[in-house]
Amino acid sequence: MKKAMSLVLALAMMLALAACGGGSTTTTETPASNTPASTTEAPAASGAASGSFKFGASGPLTGDAAIYGKAAMNGAQIAVDEINAKGGIQIEFNPQDDEADGEKAVNAYNSLMDWGMQVLVGPVTTGSAIAASAVAFQDRTFCLTPSASSTDVTANKDNMYQLCFTDPNQGTGSADYMAQNMPGHKVAIIYRNDDAYSQGIRDTFVKESAAKGIEVVYEGTFTKDTQTDFSVQLTAAQSAGADLLYMPIYYQPASVILAQAKNMNYAPIFFGVDGMDGILTMEGFDTSLAEGLMLLTPFAADAEDDLTKTFVAEYEKRFGETPNQFAADGYDVVYVLYNALLDSGCTPDMSAPEICEKLIGQMQQTTYNGLTGQNMTWSANGEVSKMPVAVVIENGVYVSA
Amino acid sequence: MKNLKPHTKHNIVTFAGLALVWIIVSVMRGQGVLGRSTTGLLVPICCYVVMALSLNLTVGIMGELSLGHAGFMGIGAFSGIIASQSLLNIIPSVPLRLITAMLVGAIFAGIFGFLIGIPVLRLRGDYLAIVTLAFGEIIKELITCLLVGVDEHGLHMIFNYRGLKNVDDLGLSPTGQVIIKGAQGATGTQPIASFTAGMLLIMVTLFIILNLIYSRTGRAIMAIRDNRIAAESVGIDITKHKMIAFVMSAAMAGAAGALYGLNYSNLVAAKFDFNTSILVLVFVVLGGLGNMRGSIIAAVLLYVLPEALRGMHDYRMLIYAIVLIVVMLTTNSPVARNLFSRWFRFGKKGEEDA
């Protein structure tokens, strides 16, 4: 019986651990616990406004893509805290983990709906966003995703909006930039062909580059399981005579490409898109490898405007790292949603479908200046219009190209 | 009841339990007691239960370790999606289309199970595990290369093995619809899966498996598992019986995959990777090899657990892992087993051979 006792004790310990895990997070999770204090002074400051909107959020907080989800949620949290500190109508923020998986994203969405979510920040990644937005479309819940960039995310769904560029937009942007600023180069492309994001950008880039007279001499592919060695693709690109390497991929495989290219003394111009953002803050990455790397990104952490400076300072103070584009996207999403809610006359006691209808009308009239672009406007199909900025990495920081 | 065989009694209890759960959940849904998150979990739970049951046939009854079961689920999912989407206008009735899709998924997965079985079943033990693992990955990569669309002329399909083609090369007419976009997976699928279909699928799967186990074929399969040489010496055709179990297991995984694929409007092939195979294997091992009732319970509990832990935020996956370790230790300890068998004496009888 001693063994049985020890098992029971082990179980009890586990439950206790689970219980304190739950206990500590519930207190940190609900900033609502301090809202009564701020809402009581709010009416005096801004009139009749009171109550709080429930913002749900969904992104990968664990797994391969966790860095994007965490950054977006951290950025959004800063915006929420800023808004709540000002008084007026408050925001309750509830970020949920979707593991960048469509199935889990639907689960996360459903549990947020149980919580009483009124608008959704996210989902952060494309596959999740497509899966969850189909359910949100049925329910009439308004979603603004910080970074799910495929056109399939917004296609045929009037309640789904994007804050980031679409994939075609990035492919076109890259081709335009190359045609204008670096003509005559021989281009090699290395992309991940089991990833919607990478394949999507590559498809439009190839189409656009044919129209604009950019010569593509080599295309190499890889998958999630083969992203640790690129010597074959790099050798092929080199022997094809490519002097510009286009990488519409995330930064983890790109860091391997940069290191391997250096080892084999292959030094083309490296050109990335927004997934490359974050490479400088990657753990264990030798930033000298990224010297001269060009990328299209809507956000540069070294920009001199006040908004960026305050945001970067706050982010560094809280999370101990330089914010990337996803953090900035998350921050902007909260402000865009909050402003649109107020401008369209929504109140916290309205239901999600009522808010959704109002916001759909409001979004097309909204113009927003934020961290990730000036004069952002939205079209009826949910796509944002803003200018991509090309930056080049010099001495370990982004410099406008 | 008295003159029934013990295993028949045991099976009747299992089916009665399933029916009871079905009725209770349906009533609760009707009353609106279940939250949205629970309702949303019902269909995936059914899919994983069927996956666990079908894998248990390979691992528990046939006694061969398969690490590529998610591959069959993937084949079923994508062939089911293609069937459902291309029959949108031909079969307007949703239940009928869902059944067709599940059948198509089962047939395709069964065919692949047969093809894969030819080389695989000549191997034993670790070798078989590694080969199935490889096949699972190959299936995933092949689906990633598929471009499929449908228009009034029928199905258009490209095998995009060099990655240089895209949906424009399908040559669809303007009214055509793309079903699978290679790496971007199946998008815009009409989700038609339902809990009723899931429960029916579980019942049918369980019925097939239990009938197989207690048939002449099933006894032959288990004889091969327990002592291959002895089985061979009494004239049992090893390859044939193994093939029957393997193909049936694959086909049922295909049906589960079709149901799963039709529950989401977006599905990528990368979902059906090694991790999913292992997840299902964990359900089977935890539920007990050869123990079908255990597989059902383990699949439900382990699928619900990470969702139930959402309140813990960052600690969610940590706690999930700890729970998994503790549960594995407990179920393996003889003391706990004694305890359990005393609690559930009725259910455990006749299943101890697992």
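## Exercises on a predicted model

B:Val247 sits in helix α9 (residues 238–261) of chain B. The model is predicted. Work through the tasks in order.

**Exercise 1.** Classify B:Val247 as buried, partly exposed or exposed.

*Solution.* Start with the cut-offs: buried is under 20% relative accessible area, and exposed is over 50%. B:Val247 has a relative accessible area of 21%, so it is partly exposed.

**Exercise 2.** Find which residues B:Val247 contacts, leaving aside neighbours within four places in sequence.

*Solution.* Contact means heavy atoms within 4.5 Å. The residues that qualify are B:Gly110, B:Gly113 and B:Phe114. Take B:Phe114 next. It is 133 residues from B:Val247 along the chain, yet their C-alpha atoms are separated by 5.6 Å.

**Exercise 3.** Place B:Phe114 in its helix, then assign its exposure and its surface patch.

*Solution.* First, the helix: B:Phe114 belongs to α4 (residues 94–120) of chain B. Second, exposure: its relative accessibility is 42%, so B:Phe114 counts as partly exposed. Third, the patch: B:Phe114 is part of a nonpolar surface patch with B:Ile99, B:Leu103, B:Ile107, B:Phe108, B:Ile111, B:Phe112, B:Leu115 and B:Ile118. Together the patch residues have about 820 Å² of accessible area.

**Exercise 4.** Check the length of helix α3 (residues 66–86) of chain A against its expected span.

*Solution.* Count the residues: α3 of chain A has 21. The expected span is 1.5 Å times one less than the number of residues. That gives 30 Å for this helix. The end C-alpha atoms are 30 Å apart, so the two values agree. Just past the helix, A:Gly87 has a positive phi of about 90 degrees.

**Exercise 5.** Trace how strands β11, β12 and β13 of chain A are connected.

*Solution.* Begin with β11 (residues 368–370) and β12 (residues 373–378). They run antiparallel and are joined by two bridges. A:Gly370 is partnered with A:Gly373 in β12. Two residues link these strands in a hairpin.

Move on to β13 (residues 384–385). β12 also runs antiparallel to β13, again through two bridges. Here A:Thr377 faces A:Ser385. This hairpin has five residues between its strands. In its turn, A:Gly382 has a positive phi of about 95 degrees.

**Exercise 6.** Summarise chain A as a whole.

*Solution.* Count elements: 13 helices and 15 strands. Then burial: 57% of the 401 residues are buried. Then contacts: of those between residues at least 6 apart in sequence, 69% join residues at least 24 apart. Last, surface: chain A exposes about 15,200 Å² of accessible area, 55% of it from carbon and sulfur atoms.

Notes. Residues numbered from 1 in each chain as written. Chains lettered and ligands numbered in written order. Predicted model: local features only at pLDDT ≥ 70, side-chain atom pairs only at ≥ 80, totals over all residues. Heavy atoms only, no water. Patch = residues over 30% accessible without salt bridge, like charges linked within 9 Å, V, L, I, M, F, W, Y side chains within 5 Å. Areas by Shrake-Rupley, 256 points an atom, 1.4 Å probe, with all protein chains shown as cover. Salt bridge = Lys/Arg side-chain N within 4 Å of Asp/Glu carboxyl O. Helix = DSSP H or I, 4+ residues; strand = E, 2+ residues; numbered from the N terminus. Buried < 20%, exposed > 50% of the residue type's maximum accessible area, 1.4 Å probe, protein only. Pairing = 2+ DSSP bridges.
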